Amino acid sequence: MGQKLIVGRYIPVDSFVHHLDSRAKLLATILYLVILFFANNWITYLILTLFVGLGIYLSGISFTYFLRGVRPMIWLITFTALLQMLFTSGPTMYFQFGFIYISKEGIQNGLFIFLRFVLIIFISTLLTLTTEALDLTDAIEFFLKPLKIFKFPVHEMTLMLALALRFVPTMMDEAEVIMNAQRARGVSFSEGPIMQRLKNLISLLIPLFISSYDRAPQLATAMEARGYQGGENRTKYRELTWKKIDTVVLLSFLVLFSTVYLLRG
Amino acid sequence: MEIRFEDVNFTYQPGTPFENKVLHDINFTIKDGSYTAIVGHTGSGKSTILQHLNALKTPTSGSVWLGDLEVNANKTEKSIKDIRKEIGVVFQFPEAQLFEETVGKDIAFGPQNFGMSEQEALKRAEEILPVVGLDASFMNRSPFELSGGQMRRVAIAGVLVMEPSVLVLDEPTAGLDPKGQFEMMSLFNELHQTQNLTIVLVTHQMEDVANYADHMIVLDEGKIVGDGSPRTVFQKEDWLRSVQLDVPNTVEFAKELAKNPNWSYDELPLTLDELTQMIVKKINLPKKERTDKQVRSDG
């Protein structure tokens, strides 16, 4: 359970991408996602694919990890691409039957959509595989800081985010333990009529909720006992440092942006 | 029911970048009616073996024989379900699995999953409560208003109520006070003695192994490195230390005593009782000899 998920995992490798500032990586990823929606012809897609390829190469992480990230989504992606292929009419028609069209434009569009999905997953996998969750929340906190003017509780939000991220694996483990315990008591979570299976889920959900209710005050007490009083006047143990190379990376994404923008059809 | 492992290998997430082989060619037999202890330091594969005992996990290769049922890589969940009734598992911190509104309903949950009517299951639940040291007044209470120790008793009752012929215990006394620990271990031992229940105990407490088990399996990094009676396994103190385990205090004390030749023993004392008997024997013996001599010299 959950062990199949690749997106959201961190893999420690001593690589170029791992050492970049998390803010730079976050900004670059967002920028890349925006660029992706500007691309609309082969040359732009080619450039974007090469760019991600370079990122993957520089991350020092095996390509199979990225393929595994795509795997759970592959049916959704194929389905969307097929819809696009079958229901787009264009000037160069190959085949038409009722409301089903197969045109050169349709096929091209379908392939683009397919590629776009894959690239989105690749770049976000690249971000999470190379950035620790805490660094990522630090980056988000940094970018949300201006919202303080509007009395937005930035610190509280990012604290919640950091805690949530920290407890995802813990809760996953716990869910598996409880599931096993109930299976040992004769519960089947993967077989039987759907209503029975939903009922069986109760035996997993209630213990899981109860343990989170138990854990929350424990954690709060432990935090207070260590002198936590909220976000005011706190210093940081983990300082983000912006290096020259981060600027270079970000600039390269801006160059990419303008290139794609100019080359788009 | 006899449980036998034949060349069992197990790999987590095979074929992925996170592939992790945790069991290597495991072979052992748990005899019917035995009290087996599985020990090994953290990460040695104890929990994975435990999940094989109940077919929660199936081997990547090799097979596990649960009585007459062979469980191997191509076994489906459906064909396995019936065996779960026969092999009860008390997981670590079992109180985390309680979820029903009342203690009675929670205990009755297991039997109902195996097809018993609600009424009969509730009746059984009421009968099982005294076995774990609670009385019938607990039937209608919410499990969440009980103390930690009582919750654990309810959870254990929920396993015992299925009347398994094998009981698998994963550190059943973790987090209990000394009195609770003793009561719990005595309860299991009594079930073992009176109902001939086969018990498999996974533990870090060497004292429990020495006190109760008649068979001991030592795991290290997913391999079986020791298999035999506790008395023979605990003989090899230095070797046990090398696999990051220890001997019970009694054994350590006896070995320390034995450094003096007068205190050497024929059979390694495992429990406090055995140690006491050995010491009493040693203290009495010279006295007797002395009196014998005195008598002789007088005569």
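A salt bridge is a pairing in which a side-chain nitrogen of Lys or Arg lies within 4 Å of a carboxyl oxygen of Asp or Glu. With that idea in hand, the meeting of chain B and chain A can be read in this predicted model. B:Asp106 and A:Arg185 make such a pair, with their closest N and O atoms 3.2 Å apart; because this distance falls within the 4 Å limit, the pair qualifies as a salt bridge. Between chain B and chain A, the count of salt bridges is 2.

Polar contacts join the two chains as well: 6 residue pairs across the interface are found in polar contact. On the chain B side, the helices α2 (77-86) and α3 (103-113) each provide at least two of the residues that touch chain A. Sorted by class, this side of chain B comprises 12 nonpolar, 9 polar and 6 charged residues.

How many residues does each chain bring to the contact? Chain B contributes 27 residues and chain A contributes 24. Together, the chains bury about 2300 Å² between them, and carbon and sulfur atoms account for 57% of that area.

Turning to chain A, an unreviewed UniProt entry lists "transmembrane region" for residues 22-39, 46-67, 73-97, 109-129, 149-168 and 245-263. Two of these spans can be followed in the model. Residues 46-67 of chain A are 86% helix and 0% strand, with 18 Å between the end C-alpha atoms. For residues 149-168 of chain A, the model gives 75% helix and 0% strand, and here the end C-alpha atoms are 31 Å apart.

Methods: Residues numbered from 1 in each chain as written. Chains lettered and ligands numbered in written order. Predicted model: local features only at pLDDT ≥ 70, side-chain atom pairs only at ≥ 80, totals over all residues. Heavy atoms only, no water. Contact = heavy atoms within 4.5 Å. Buried area = accessible area lost by both parts, 1.4 Å probe. Polar contact = N/O pair within 3.5 Å; in protein donor to acceptor, adjacent residues only side chain to side chain. Helix = DSSP H or I, 4+ residues; strand = E, 2+ residues; numbered from the N terminus. Nonpolar A, V, L, I, M, F, W, Y, C, P; charged D, E, K, R; others polar. UniProt positions renumbered as here; feature names shortened; annotations may be inferred.
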